[in-house]
Amino acid sequence: MRTSWNRIIVVATAIIAILGAVQALGQGFSGLGGDAEGFSVPEPGKPFVFPRDHAAHNDYRIEWWYLTANLSDADGNRYGLQWTLFRSALTPEAGTRFSPGQMWFAHAAVTTASKHFTSETIARGGLGTAGVTAEPFKAWINGWEMLGQAKPSDDALSRLRLKASGGEFSYDMELVSDGPLVFHGDGGYSVKSETGQASYYYSQPFYKVRGTINLPDGPVEVSGNAWLDREWSSQPLSADQTGWDWISLHLDTGDKLMGFQLRNADGSVYTSASWIGADSVTEPIPDPHLKMEPLSRTAVAGRQVPTRWRVTLPRRNLDVTIDAVNPKAWMDLSIAYWEGPVAVSGTHSGIGYLEMTGYPVSAAN
Amino acid sequence: MIDLRVISVLLSHWRKHPFQLAMLLTGLFLASGLWTGVEAINTEARASYALAEAALAPPRFASIVSARTRTIPVETYTRLQTSGWRTSPIFEKRVRLRDRYIRVIGVDVLTYPAQDVFQDVTSQESVQGFLTRLIGKTGTLFADAPTAAFLTRNGVAGEILTSNSLPPKTVLGDFSALARLLPGSEADISGSGFSRLIVLENQPRDQVPLREFADVILAEPEDQAGTAELTDSFHLNLTAFGFLSFLVGLFVVYGIIALSFEQRRIVFRTLRLLGVSRRQLIASLSIELLVLATIGGILGVIGGYFLAALLLPDVAATLESLYRANVSGSLTFRWQWLVSGIAITLLGTALASASGFVETARSSILEEGGAYASRTRLFRLSRLQAILALALLATFAVLVVFGQGLVAGFAALACLLIGFALALPSLLNWIIAGVSTFARGPLAEWFLADARFVLPGLSVALMALLMAASANIGVSTMVGSFRTTFIDWLDKRLAAEVYLSTRSTDEAIAINEWLKPRVDAVLPIMNERVRLSGEPGDMYGVADHATYRRDWPLKASTEDAWDRVFAGDGVLINEQLSLRYDLAVGDTLSIEGNHALEIVGIYPDYGNPAVEAMIGIDLFDSWYPDTPRRRFVVRVDPGRSDEIIRGLQEAFGLPDANIANQTEVKQLSQRIFERTFVVTAALNVLTLGVAVFALLTSLVILATYRLPQLAPLWAMGMTRVQMAWFELLRALVLALLTGLIAIPVGLLLGWVLLAVINVEAFGWRLPFQTDPRDWVLLIAYSVLAALLAAAYPTLRLAQVSPSTLLKQASDAH
């Protein structure tokens with residue numbers, strides 16, 4: 001026996017290697033530089049154009065389609081639902097099929113009082129697996145979709161079909177809005193810090209939702225309210241900002257409140273809010289009128305996250321406590337944060353959503 | 001307690017006999033060196049496979065692959081993704097760069113599951129930084145260190161990072177970064193599609209079932225035969241070779257240890273009489289051998305390292321061509337084979353010294369250690385040996401008849417070789433005894449009787465010679481059979497002058513139009529991935545032409561095989577398919593898609609690990625109407641093939657890699673072939689060298705024994721030179737007899753290699769062809785080996801001083 005007798009077969013395979021050779025080599029392609037400069041920056045006073053602005057703005061660095069819903073079933077059990085699509089640009093220029101300019105990722109969640117189901121998915125641009133188009137309105141990523149079903153005369157976002165599926169859950173929702181789009185800040189130009197970082201930011205907070213959530217225990221028919229945020233920018237946070245706390249509240253009076261505080265490293269905060277009256281008249285509320293004060297924290301994912309807050313807005317005589325429906329609503333994903341439904345009590349009652357980012361591991365903050 | 005003085009006394013033996021010490025260490029060196037060399041090669045190769053698998057798809061991941069072709073269109077990928085499947089697409093291509101093939105792997109860095117490849121970047125960069133650095137035409141590529149250096153040297157610009165988790169000769173990067181290596185890669189992937197889609201963990205609960213996609217199938221991790229499985233037979237073969245060499249080396253060790261025990265009987269007895277306990281003596285001897293074996297083992301490991309380093313580039317080339325396995329051509333020192341080398345040396349030494357220990361443990365203080373005692377022992381031993389030999393040969397027969405699988409094949413080979421080796425002393429004894437009855441004259445009778453007398457002392461060396469010689473004949477037979485069959489097959493199979501692969505269907509049409517007026521024929525080669533007898537394989541469609549009718553080699557066929565193939569009424573299958581599913585001409589082949597055709601012929605298909613079948617092009621088109629015609633064979637006057645190739649390159653810019661010129665391919669094959677035989681010859685010399693060494697050892701040792709027996713002959717008037725001639729002649733006769741016995745053993749070995757091992761390992765059977773000239777050569781080698789081995793002791797005998805002989809003659813009485 002010799003090691004070498006196998007070597008003889010080399011010949012046969014050398015031929016096969018050559019004959020079966022290497023497929024075609026094509027021509028050169030016009031790739032794009034990874035130049036990160038050259039993105040557009042939000043400017044105040046620029047009018048929105050719809051439905052075009054419902055679609056992606058690839059010349060801005062980041063953008064999202066962010067939907068949260070407060071739902072309940074026939075037995076009165078409360079649920080939270082989240083569907084979020086993020087776009088992140090690698091370059092302000094258009095990409096090619098295999099050299100994409102855009103990256104897409106999405107988060108979906110269903111929250112019950114005791115469980116919190118999450119899922120994420122990710123896709124590169126160019127291959128048709130993710131994107132947002134205006135006409136017809138369609139936002140999709142790997143089988144999750146937000147599909148416009150509005151009549152041509154209505155706003156494209158006024159009627160939606162919403163789908164997502166994770167390992168343990170899936171949902172299929174119909175959304176119909178009974179109010180107009182709402183623009184935050186200065187007509188949709190939303191300032192995010194004292195130094196002037198800003199984004200374009202508008203919402204559709206008037207959705208009525210109906211649909212089915214599939215959970216490990218079986219399907220549940222649910223209905224409730226939903227809130228869609230649209231936001232894009234190239235520079236959302238300034239360098240010393242460590243995170244934010246964001247709320248969207250549906251008050252029983254029919255009024256709605258969107259508010260956030262951006263936390264600075266030195267402990268100070270920058271706040272901004274929009275009071276949306278039941279008549280849909282929107283009042284922008286600049287820093288520092290909204291106050292958000294943590295009342296108690298929950299240990300989750302090694303962090304101390306405030307899940308009970310006192311929220312006050314003196315000019316609207318609002319002094320409420322918001323309580324997480326499920327304090328453990330931690331989005332344990334590649335980008336981790338807390339997001340879940342809340343109950344509102346105090347001078348006003350109602351329901352809403354809370355999002356908190358930037359709470360470091362094992363910090364009492 | 002171990003008394004150092006006892007060890008010192010024992011060691012004094014080696015001081016007095018430095019030659020024996022050198023022999024012992026050399027034996028250990030050879031045994032462990034060859035073993036380690038082979039192990040080192042195996043370990044290196046397996047390490048490369050493991051890396052390759054981890055990089056391409058970690059074993060736990062299933063893949064979605066094309067059910068019919070080799071690629072999945074990008075559109076299908078998009079459809080799967082938007083239907084809820086979460087996958088990571090992979091584009092794989094072998095690319096020729098200068099003189100070597102590089103495997104280029106394009107991935108989506110965002111979803112690629114084996115992220116450790118990118119570790120250097122992910123540890124430094126944010127997610128955004130990672131993406132902008134990896135995606136785009138300047139995106140980072142990853143390769144192992146030699147490949148990275150090779151690519152940079154050959155003008156591949158931009159960042160190429162070294163990754164330890166990539167196999168050799170592989171470069172990996174985002175799809176967008178491949179353009180640096182493959183101009184036009186974007187169009188390439190768009191045109192051909194992805195090689196496969198890795199099914200990621202955490203699939204969503206709602207997804208469209210895969211069966212609703214017509215062209216794709218799920219390949220579970222266990223369906224995807226890994227390189228390690230494919231190459232198992234190759235490595236088993238190497239291990240068997242290493243083990244054989246180890247055995248031959250061990251025979252030397254056995255001889256020396258036996259001798260050293262024998263010569264030290266008096267010393268042992270004296271030590272015992274001085275109060276050294278039996279246990280102490282055994283312990284001291286064990287320590288002595290442990291130290292010697294460790295030294296020999298370490299030397300062997302070092303030698304094995306160099307042997308492996310020498311052979312590895314060739315072995316790597318073989319593995320690459322055979323299995324497309326990328327094995328590093330350079331050796332990394334690994335502790336595993338140092339440990340395994342020393343361990344097997346110690347184990348071997350323990351085996352080789354076992355009988356010596358048993359004897360020493362049994363012997364009583366009062367017993368006189370004499371020649372008689374030792375000869376009775378030898379007799380007992382030889383009887384035991386003969387029984388063992390018969391048992392092994394019987395096992396061989398059983399294994400050949402009933403055994404299944406490669407391991408059984410190799411076990412049969414081991415039984416055959418060791419069985420005949422053990423039987424050799426008895427065989428030689430009978431032969432000499434038989435010849436003795438015809439011997440006339442005292443000198444002839446003495447010569448033969450004396451030959452039988454020295455046989456036990458030489459038997460170990462002769463056994464080693466027999467093993468080396470028969471292995472030699474066996475392998476030459478197989479190599480010879482292969483050479484004849486293969487070259488003939490190559491000529492017929494590569495009948496066409498030029499082989500083309502175009503880059504798109506449009507280009508294929510244009511090239512076809514261009515070629516038609518210039519050449520004799522342009523024949524399409526088309527294939528589809530289908531299950532044949534349930535196993536994934538390839539179906540080829542061929543056009544009616546003399547290239548097939550006249551030239552295509554068939555092993556078995558019906559009279560009208562080609563008529564029926566082109567009439568769409570019969571199928572040809574490759575030998576692998578025929579052997580694997582026991583299909584013969586006249587049987588029916590079941591083909592995926594509810595097709596069935598009668599098998600009208602079987603063709604040899606050397607070098608192909610997969611099953612394959614062939615039908616006429618009309619039937620092929622009706623079954624697989626969507627298969628693009630992109631590959632062609634061109635028939636043209638051989639003198640004009642260069643001109644046609646130049647024309648194609650000028651008119652279409654077709655890259656070198658897409659054109660194969662038959663003469664070049666054949667020349668390349670011949671070159672690799674010849675290079676193979678160089679290695680074969682080197683290894684033959686090596687094994688025979690070990691055997692010669694064993695013979696030399698035995699003869700030198702024998703010479704020290706012989707003087708008391710030769711002295712009386714000298715006293716009776718024989719000259720020293722005459723005595724020396726007789727000694728030489730005896731060695732030559734014994735070697736000649738061993739060589740003669742090696743012929744049938746070797747042929748049997750060759751038959752097992754061709755009819756059992758090859759069929760199991762590769763799925764083809766070569767016709768048995770043997771060349772008697774090889775045998776003559778081998779016998780000449782054996783005799784030459786004996787001559788070389790006997791030269792030194794004979795020369796010494798011729799020069800031994802009369803006073804020594806006188807002293808020996810008187811001692812003998």
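Reader: Which residue takes a positive phi just after α21(B)?

Author: In this predicted model, the residue is B:Gly653, whose phi is about 60°.

Reader: How many residues does helix α21 of chain B have, and what should they span?

Author: The expected span rests on a rise of 1.5 Å a residue. Helix α21 covers residues 641–652 of chain B, and its 12 residues should therefore span 16 Å. The C-alpha atoms at its ends are 16 Å apart, in agreement with that value.

Reader: Which residues of α21(B) are buried?

Author: A residue counts as buried when its relative accessible area is under 20%. In α21(B) these are B:Ser641, B:Ile644, B:Ile645, B:Gly647 and B:Leu648. They lie on the same side of α21(B), because they cover an arc of only 160° around the axis.

Reader: What do the buried residues of α21(B) pack against?

Author: Their partners in chain B are β9 (498–501), α16 (505–515) and β18 (659–661).

Reader: How should one read a sheet, and what is the strand order in the open sheet of chain B?

Author: Strands of a sheet pair through backbone hydrogen bonds, in either a parallel or an antiparallel sense. The open sheet of chain B has eight strands in the order β5-β4-β6-β3-β2-β7-β1-β8, and its pairing is mixed. Its edge strands, β5 (160–162) and β8 (216–219), each pair on one side only. From one strand to the next, the twist averages 30°.

Reader: How do β1 and β7 of chain B run?

Author: Strand β1 (residues 63–66) and strand β7 (residues 196–199) of chain B run antiparallel and are joined by two bridges. Within this pair, B:Ile64 is opposite B:Leu197 of β7(B).

Reader: Which strands of chain B does helix α6 lie across?

Author: Helix α6 (residues 145–153) of chain B lies across β2, β3, β4, β5 and β6 of that chain, and it runs at about 160° to β5(B).

Reader: How many helices and strands are there in chain A?

Author: Chain A has one helix and 23 strands. Of its 365 residues, 58% count as buried.

Reader: How many residues of strand β13 of chain A are buried?

Author: Strand β13 (residues 218–233) of chain A is mostly covered, with 12 of its 16 residues buried. Strand β1 (residues 62–72) of chain A pairs with β13(A) in the antiparallel sense over 11 bridges, and A:Leu67 is opposite A:Leu228 of β13(A). Strand β12 (residues 198–215) of chain A also pairs antiparallel with β13(A), over 14 bridges. In that case A:Ser203 has A:Asp229 of β13(A) as its bridge partner. A hairpin links β12(A) to β13(A) through two residues.

Note on methods: Residues numbered from 1 in each chain as written. Chains lettered and ligands numbered in written order. Predicted model: local features only at pLDDT ≥ 70, side-chain atom pairs only at ≥ 80, totals over all residues. Heavy atoms only, no water. Pairing = 2+ DSSP bridges. Helix = DSSP H or I, 4+ residues; strand = E, 2+ residues; numbered from the N terminus. Axes fitted to C-alpha atoms, helices over the stretch in contact; angles between N-to-C directions. Contact = heavy atoms within 4.5 Å. Expected span 1.5 Å × (residues − 1). Buried < 20%, exposed > 50% of the residue type's maximum accessible area, 1.4 Å probe, protein only. Arc of directions from axis to C-beta.
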